2 protein chains.
Amino acid sequence: MESSETLAKLPQIIEAATRCFQDKGYVATTLNDIADAVQLQKPTLYHYLKNKNELLFLVLKNTAESYNQALEAVVASSLSPWDKMDRAIRQHIHLQLEHPGTVTLFRDVGELDKPYRREIRQALKRYRELLQEIIRQGIEAGQFRPSDASMAALFVLGAINFVHRWYRERGPRSIPEIAEFYSDTLLKSLSKS
Amino acid sequence: MESSETLAKLPQIIEAATRCFQDKGYVATTLNDIADAVQLQKPTLYHYLKNKNELLFLVLKNTAESYNQALEAVVASSLSPWDKMDRAIRQHIHLQLEHPGTVTLFRDVGELDKPYRREIRQALKRYRELLQEIIRQGIEAGQFRPSDASMAALFVLGAINFVHRWYRERGPRSIPEIAEFYSDTLLKSLSKS
């Protein structure tokens, strides 16, 4: 009984941890804060969590997986490489700006215990490789100009990852406007013609 | 006597603080570490420093000013907007990759006391405005396509600021190769034709 209840609460706990880490910072957040937020006793948390570090790992893994799944679906689609890149950029900007705090937490990757850190870095690498695969396909199809596809993927990633740093919900630009600008500008930079 | 000696040591102290903050992180570094690094007694440091926070401020101010001065020189030059942007991107990449640790310290802007933080944010804003000014000139001269010059400046900044995160000194690409790639790719994205 307890174990299935506990399991059912896991997504809620991850969500609460995400909010606590965003509000107070990873270092300042305690497991008590998180227990309070989901109205559990702290000992109950230990039924399925080793410690706060594992919780940070779960939060980051959760985010990284949702980005990777979204990008994998684009790569596997029947779109042209050009349209795949257009879709990839737009969905990245939407994911990022609709949940800006989650991205900020990746700054704390260095706080993770080594095996956790390795797994998160692997997931981030996977995302970069998927972007690179779209670029490679675009070069092969003659839509993108031949260049260093690996550096081009890092170039795209740097540009689109910076957006949450300056975006303001009440700012002058909507999320679709920003997505449009970034897709248009990046596709022009990659374009063969 | 002492005050002129002290003043003479200031650049050395800033340099030592930069290294300590890079190695141990701002929070973990103590004024004792810095005093040791410059072979001064800690009370001597207090002759011209209020605290560690002021030292972080001086380190960041120093870096921001060197970037701003370099970019101001480009804006004031007689180059065409296109060539100004080319120069601006290359020198940004060189400055960043030749001193990668200094850029990382800007993550700690949030640790600064409010008046310091405001001043550093002003300096970073100045840099963005200078980039924007080059883009504005390029649109006016018909070299860059008309677009949101302010968002374009943020776009350029995101792309070029990410480089220190993946650059490796013993990696496959030299600093000039990276500078060449970024200048070429970004100019294509801004180009009217």
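Start by selecting Lys50(B), which counts as exposed at 58% relative accessibility. Keep in mind as you look around that this is a predicted model. Lys50(B) sits in the loop between helix 3 (42–45) and helix 4 (52–76) of chain B. Now show side chains and add Tyr116(B): the side chain of Lys50(B) makes a polar contact with the side chain of Tyr116(B), at 3.5 Å. For a sense of scale, also pick Cys20(B). The C-alpha atoms of Lys50(B) and Cys20(B) are 18 Å apart in space, and the two residues are 30 apart in sequence.

**A loop seen in both chains**

Stay in chain B and step back to Gln39(B), in the loop between helix 2 (31–37) and helix 3 of that chain. Is Gln39(B) buried or exposed? Gln39(B) is exposed, because its relative accessibility is 72% and the cut-off for exposed is over 50%. Check its backbone too: phi of Gln39(B) is near 50°, a positive value in a residue other than glycine. This is worth a glance, because most residues other than glycine have a negative phi.

Next, jump to Gln39(A), which is found in the loop between helix 2 (31–37) and helix 3 (42–45) of chain A. Here phi is near 55°, again a positive value in a residue that is not glycine. Gln39(A) counts as exposed, with 74% relative accessibility.

While you are here, select residues 30–49 of chain A. An unreviewed UniProt entry annotates this span as "DNA-binding region". The span is 55% helix and 0% strand, and its end C-alpha atoms lie 13 Å apart.

**Chain A as a whole**

Zoom out and colour chain A by secondary structure. What do you find along chain A, and how many helices and strands are there? The count is 10 helices and 0 strands, so from the N terminus on, the elements run α-α-α-α-α-α-α-α-α-α. Taken along the principal axes, the C-alpha atoms of chain A fill a box of roughly 60 × 35 × 30 Å. Of its 193 residues, 49% count as buried. Among contacts in chain A between residues at least 6 apart in sequence, 71% join residues at least 24 apart.

**Two helices that cross**

Now highlight helix 5 (residues 81–98) and helix 10 (residues 175–190) of chain A. Two packed helices are described by the angle between their axes and the distance between the axes. Here the axes come within 9 Å and cross at roughly 145°, and the crossing of helix 5 and helix 10 of chain A is right-handed. To see the contact itself, show side chains on both helices. On helix 5 of chain A, the residues to look for include Trp82(A), Met85(A), Ile89(A), Ile93(A) and Leu97(A). Facing them on helix 10 of chain A are residues including Ile178(A), Tyr182(A), Leu186(A) and Leu190(A). By class, this contact has 13 nonpolar, 2 polar and 4 charged residues.

**Between the chains**

Select Trp166(A), in helix 9 (residues 163–166) of chain A. Trp166(A) counts as buried, at 14% relative accessibility. Which residues does Trp166(A) touch, not counting residues up to four places away in sequence? They are Arg173(A), Ile178(A) and Tyr182(A), together with Met151(B) and Leu154(B). Phe106(A), 60 residues from Trp166(A) along the chain, has its C-alpha atom 17 Å from that of Trp166(A).

Then move to Ser191(B), in the segment after helix 10 (175–190) of chain B. Ser191(B) is buried because its relative accessible area is 7%, and buried means under 20%. Leaving aside neighbours within four places in sequence, Ser191(B) is in contact with Lys188(A), and also with Trp82(B), Gln143(B), Phe144(B) and Arg145(B).

**Last stops in chain B**

Pro81(B) belongs to helix 5 (residues 81–98) of chain B and counts as buried, with 11% relative accessibility. Beyond residues up to four places away in sequence, Pro81(B) touches Ile134(B), Gln137(B), Gly138(B), Ala141(B), Gln143(B) and Phe144(B). Draw a distance to Pro43(B): these two residues are 38 apart along the chain, and their C-alpha atoms are separated by 51 Å.

Finish at Arg168(B), in the loop between helix 9 (163–166) and helix 10 of chain B. Arg168(B) is exposed, with a relative accessible area of 52%. From here to Met85(B) the C-alpha distance is 25 Å, with their positions 83 residues apart in sequence.

Technical notes
Residues numbered from 1 in each chain as written. Chains lettered and ligands numbered in written order. Predicted model: local features only at pLDDT ≥ 70, side-chain atom pairs only at ≥ 80, totals over all residues. Heavy atoms only, no water. Axes fitted to C-alpha atoms, helices over the stretch in contact; angles between N-to-C directions. Helix = DSSP H or I, 4+ residues; strand = E, 2+ residues; numbered from the N terminus. Left-handed = near helix turned anticlockwise from the far one by under 90°. Contact = heavy atoms within 4.5 Å. Nonpolar A, V, L, I, M, F, W, Y, C, P; charged D, E, K, R; others polar. Buried < 20%, exposed > 50% of the residue type's maximum accessible area, 1.4 Å probe, protein only. Polar contact = N/O pair within 3.5 Å; in protein donor to acceptor, adjacent residues only side chain to side chain. UniProt positions renumbered as here; feature names shortened; annotations may be inferred.
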